[in-house]
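Subject: Handover of a structure for your review

Dear colleague,

Please find below the structure that I am passing on to you. My findings follow it, and I would be grateful if you read them with the coordinates open.

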Amino acid sequence: MQKDYITFQQHIFIILLFVLGSSVLFGVNTAAAQDSWIALILATLFALPMVLIYARILKLFPETDLFGIIDQVFGKIVGKVLVALLTWYALHLCALVLRNFTEYISIVALPETPQVVVMAFLLVITMYLARSKPKTLGQWAVISGITVILLIAFTIILAIKDIDFKNLLPIMPNGPKGVIIGAGQIFTFPFAETVVFLSIGNSIKKEESSYKIYVFAIISSAFIMLLAILRNIVTLGVPMSNNSYFSSFNMARTIHIGDFLSRIEGTISVNLILAGLTKITVSLICAAKGISSLFQIKNFEHMVSPIGLLTMSLCAILYRNTLEMFDFLKYYSIYAIPFQVIIPVIIWITAERYAKKKKSLYESQNTSM
């Protein structure tokens with residue numbers, strides 16, 4: 001039976017949408033304020049070495065996903081602990097992103113609709129994508145990615161008349177501290193969250209370069225995020241951006257072209273939801289594969305629906321209100337570091353030793369023959 005792969009371009013679009021996901025939803029980084037664009041560039045430089053580590057892990061074990069690699073390298077006891085930790089992170093991330101979008105939809109579009117209805121609607125789509133063949137997710141990502149890029153470009157063009165570059169000044173009025181804090185926050189949310197992408201690493205062909213996929217996707221998504229952040233700052237200004245729950249949506253509300261084109265914020269909603277669905281889907285796949293690995297279930301697709309329902313339950317109890325959701329962002333960077341940096345580095349170092357030992361054993365066997 002021929003294995004189902006995702007193409008190089010499809011992988012790039014999956015990561016690109018994953019990165020854009022809820023990060024574009026929140027908009028300007030409050031710690032860096034008008035210097036958010038500088039913080040983003042710095043965060044990208046921080047992220048590149050980390051994603052190269054992710055790519056190296058996949059390169060050492062081609063056509064194998066994260067949990068398969070852990071099982072080979074660490075054995076049962078340590079391996080189960082690491083799988084359990086990463087599964088929890090994927091499940092929690094899935095619930096966090098789902099809650100971000102249910103809050104967004106409830107506030108801007110359906111304030112009278114119970115959030116559980118919105119959650120169920122989003123989960124039905126993501127569970128379908130997660131249970132489908134990998135190429136279905138890849139095709140979805142390409143179509144959605146092109147749509148997202150075109151919509152961002154569309155809003156930038158329409159916002160040109162409202163641009164005021166004075167909103168970018170002063171640069172670093174309180175020194176580099178805010179920029180560094182902002183860069184750290186952007187590093188963990190969203191760049192290093194792509195650690196969960198390792199769970200679909202088995203869909204990368206052996207001859208494909210995981211390095212190129214990760215680096216090209218991160219740089220491309222950073223560039224698009226940079227345009228979106230600059231768009232929000234120069235049109236809204238920092239005070240209005242910081243006082244807005246969803247600055248990208250509020251920016252779109254300010255766009256008016258005469259009397260015939262207004263209220264285009266619906267395009268932003270489409271933009272955000274398409275990216276968000278992809279991020280939820282990849283996180284859901286990672287959580288389902290993790291549970292399947294823990295309990296030795298052959299087909300992770302059987303766990304997608306139960307994990308989806310568990311995600312919805314967790315999503316409902318994460319926060320009491322929208323303010324708590326935004327407050328959690330201050331602490332997320334500290335919480336995420338073990339899952340995004342410490343555990344992957346441990347896996348990488350151990351995998352390098354394992355691969356080297358395996359290679360030496362293979363060479364010694366060939367020599368003796």
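S106 touches P111, T113 and Q115, leaving out residues up to four places away in sequence. The model is a predicted one, and the remarks in this message should be read accordingly. S106 itself belongs to helix α4, which covers residues 76-108. Is S106 buried or exposed? Its relative accessible area is 9%, so S106 counts as buried, the cut-off being under 20%. The side chain of S106 also has a polar atom 2.8 Å from the backbone oxygen of T102.

A second buried position is Q340, in helix α13 (residues 322-368). Its relative accessibility is 0%, and Q340 is therefore classed as buried. Which residues does Q340 touch, not counting those up to four places away in sequence? They are M50, Y54, Y89, T188, A192, E193, V195 and Y332. For a distance across the fold, take Q340 and G68: they are 272 residues apart along the chain, and 18 Å separates their C-alpha atoms.

Helix α2 holds I53, which is buried with a relative accessible area of 15%. Setting aside neighbours within four places in sequence, I53 is in contact with P344, V345 and W348. I53 and K358 are 305 residues apart in sequence, and their C-alpha atoms lie 20 Å apart in space.

R253 offers another case. This residue lies in helix α10, residues 247-253. With a relative accessible area of 45%, R253 is partly exposed. Between R253 and Y335 there are 34 Å from C-alpha to C-alpha, at a separation of 82 residues in sequence.

I turn next to the backbone, and to the cis peptide bonds. Where does P170 lie? P170 is in the loop between α6 (134-158) and α7 (177-188). The peptide bond leading from L169 to P170 is cis, and its omega is near -5 degrees. A cis peptide bond also joins F189 and P190, with omega about 25 degrees. P190 is located in the loop between α7 and α8 (210-236). You may wish to have both omega values at hand when you inspect these loops: near -5 degrees for the bond from L169 to P170, and about 25 degrees for the bond between F189 and P190.

Positive phi values deserve a separate paragraph. M172 is not a glycine, yet its phi is positive at about 50 degrees. Like P170, M172 lies in the loop between α6 and α7. The relative accessibility of M172 is 34%, so this residue counts as partly exposed. E63, also a residue other than glycine, has a positive phi near 60 degrees. The loop between α2 (36-60) and α3 (66-74) is where E63 is placed. At a relative accessibility of 28%, E63 is likewise partly exposed.

Finally, some values for the chain as a whole. How many helices and strands does the chain contain? There are 13 helices and 2 strands. The radius of gyration is 21 Å, close to the 21 Å given by the globule rule for 369 residues, so the chain is as compact as a globular protein of that length. Along the principal axes, the C-alpha trace spans about 80 × 45 × 35 Å.

Of the 369 residues in the chain, 53% are buried. Taking contacts between residues at least 6 apart in sequence, 84% join residues that are at least 24 apart. The chain exposes about 16,900 Å², and carbon and sulfur atoms supply 67% of that area. As for charge, the chain has 28 positive and 19 negative charges, and the mean positions of these two sets are 8 Å apart.

With kind regards

Key:
Residues are numbered from 1 along each chain as its sequence is written. This is a predicted model: local features need pLDDT of at least 70, side-chain atom pairs count only at pLDDT 80 or more; totals for chains, interfaces and linings use all residues. Side-chain values use heavy atoms; hydrogens and water are left out. Helices (H or I, at least four residues) and strands (E, at least two) are DSSP runs, numbered from the N terminus. The radius of gyration is taken over C-alpha atoms; the globule rule is 2.2 Å times the number of residues to the power 0.38. Buried means under 20% relative accessible area, exposed over 50%, partly exposed in between (1.4 Å probe, protein chains only). Contact means heavy atoms within 4.5 Å. Accessible areas come from the Shrake-Rupley method with a 1.4 Å probe; for residues, only the protein chains shown count as cover. Lys and Arg count as positive and Asp and Glu as negative; His and the chain ends are not counted. The place of a charge is taken as NZ of Lys, CZ of Arg, CG of Asp or CD of Glu. A polar contact is a pair of N or O atoms within 3.5 Å; within protein, one must be able to donate a hydrogen and the other to accept it, and residues adjacent in sequence count only if both atoms are side-chain atoms.
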